[in-house]
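Q: Please choose one residue in this protein and look closely at its surroundings. How does that place connect with the rest of the chain?

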Amino acid sequence: MNDYKNKDFLKQNLMGPNVIMLAEEALKHSPVGSAERVLDLGCGTGLSSMCLAEHSQATVYAMDLWIHATENYKRFSDFGFDKRIMPVHADANDMPFADEYFDAVYSFDSYHYFGRNDEYLDKHLAPLVKKGGSIVICIPGLKQELDYLPDEMALSWTKEAIDTIRSLDYWKEVFTKSKMTEISSITEMDCYEESWQDWLETDNPYAVSDRPAMEAGAGKYMNLICAVIKRI
Ligand SMILES: C[S@@+](CC[C@H](N)C(=O)[O-])C[C@H]1O[C@@H](n2cnc3c(N)ncnc32)[C@H](O)[C@@H]1O
């Protein structure tokens, strides 16, 4: 069942830093435990959804916008997860789920696209989680806020293109505004370098265009951030 972790398959399906590493580290911070329903928010190709299913007894709802449900359903079927994972095509700003439906939400390398404002968490996500449940958010970040674009970074990105990448303090401030949740922990992730290395070795055109910046040392400004947030 865990063939989905084989290097060739991952190389073809990664959409950013190796999400299996992100998921496995996040699961150490906040295990699925006895959760019955888990949302993988912005699951992309669903690699993390398979990892969440493998590490739990839960039904995993694999929701994404850019990757269609049919494509993910095929992947889940190929690895024998089709009865455990429900693929859903939806926008994080308009999710088709009942309030207090999920015991836990995990979101890898996607929350920064839609959650970068003070309202998102309480308006769209927290209501879907049972009181006492958890929201685990892993995102690419900056070691500290930058008001200019360092030369190394400019080799691959414009300031606008990486506007979504923010510091741990920035995210702490955003999450602290929530009245429906409290932060349990927010830390830099250990898998930062290794997960980026796996991504840069893929032939994905985005990885290829990330290479000049990372080879020039842009990585020293960046990190991966993991926030564990409790629904109150
Ligand atoms: C860089 S990819 C990461 C995918 C996957 N989580 C991973 O780490 O491999 C970012 C993902 O965020 C998702 N995303 C961005 N905006 C979204 C939105 N408004 N609603 C749902 N998903 C969104 C995209 O569909 C995309 O799959």
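A: Setting aside the residues within four places in sequence, Val228 is in contact (C-beta atoms, placed from the backbone, within 7 Å) with His29, Ser30, Ser134, Val136, Ser184 and Ser185. The structure is a predicted model, in which local features need pLDDT of at least 70 and side-chain atom pairs count only at pLDDT 80 or more, whereas totals for chains, interfaces and linings use all residues. Residues are numbered from 1 along each chain as its sequence is written.

Val228 belongs to strand β8, which covers residues 222–231. Helices (H or I, at least four residues) and strands (E, at least two) are DSSP runs, numbered from the N terminus. The protein has 10 helices and 8 strands, and its C-alpha trace spans about 45 × 40 × 30 Å along the principal axes.

Is Val228 buried, exposed or partly exposed? Val228 counts as partly exposed because it has 17 C-beta neighbours inside 10 Å; a residue is buried with 20 or more other C-beta atoms within 10 Å of its own, exposed with 12 or fewer, and partly exposed in between, the C-beta atoms being placed from the backbone. Across the protein, buried residues make up 41% of the 232 residues. Contacts between residues remote in sequence can also be counted for the whole chain: among contacts between residues at least 6 apart in sequence, 77% join residues at least 24 apart.

One of the contacts of Val228 is Val136, and Val136 is also touched by Val105. Apart from residues up to four places away in sequence, Val105 touches Leu39, Leu41, Leu125, Val129 and Ile135 as well as Val136. Val105 is among the residues with the most contacts inside the largest nonpolar core, together with Leu22, Val38 and Cys138. That core has 57 residues, a nonpolar core being a set of buried Ala, Val, Leu, Ile, Met, Phe, Trp, Tyr and Cys residues joined through C-beta atoms within 7 Å. A second, separate core has 5 residues, including Met153, Ile165, Ala213 and Ala218.

Ala213 leads to helix α10 (residues 205–215), where Ala207, Asp210 and Ala213 are buried. These buried residues line one face of α10, because they fall within an arc of 110° seen down its axis; the arc is that of the directions from the helix axis to the C-beta atoms. Elements that cover the buried residues of α10 include α7 (151–154) and α9 (192–200). On the other side of α10, Pro205 and Val208 are exposed. Just after this helix, Gly217 takes a positive phi of about 105°.

For a residue farther along the chain from Val228, consider Thr70. The two are 158 residues apart along the chain, and their C-alpha atoms are separated by 30 Å. Thr70 is exposed, as is Asp78, on the face of α4 turned away from its buried side. The buried residues of α4 (residues 69–78) are Asn72, Arg75 and Phe76. They lie on the same side of α4 because they cover an arc of only 100° around the axis. Among the elements covering these residues are α3, β2 (59–64) and β3. Gly80 follows α4 and has a positive phi, near 75°.

The loop between α3 and β2 holds His55. With 15 C-beta neighbours inside 10 Å, His55 is partly exposed. Its contacts, apart from neighbours within four places in sequence, are Leu27 and Val32. His55 and Val32 are 23 residues apart along the chain, while their C-alpha atoms are separated by 7.3 Å.

Two further loop residues have a notable backbone angle. Most residues other than glycine have a negative phi. Glu100, in the loop between β3 (85–89) and β4 (102–108), has a positive phi of about 55° although it is not a glycine. Asp109, in the loop between β4 and α5, also has a positive phi, near 55°. Their surroundings can be set side by side: Glu100 is partly exposed, with 14 other C-beta atoms within 10 Å, whereas Asp109 is buried, with 23 C-beta neighbours inside 10 Å.

Terms used
Two residues are in contact if their C-beta atoms, placed from the backbone, lie within 7 Å.
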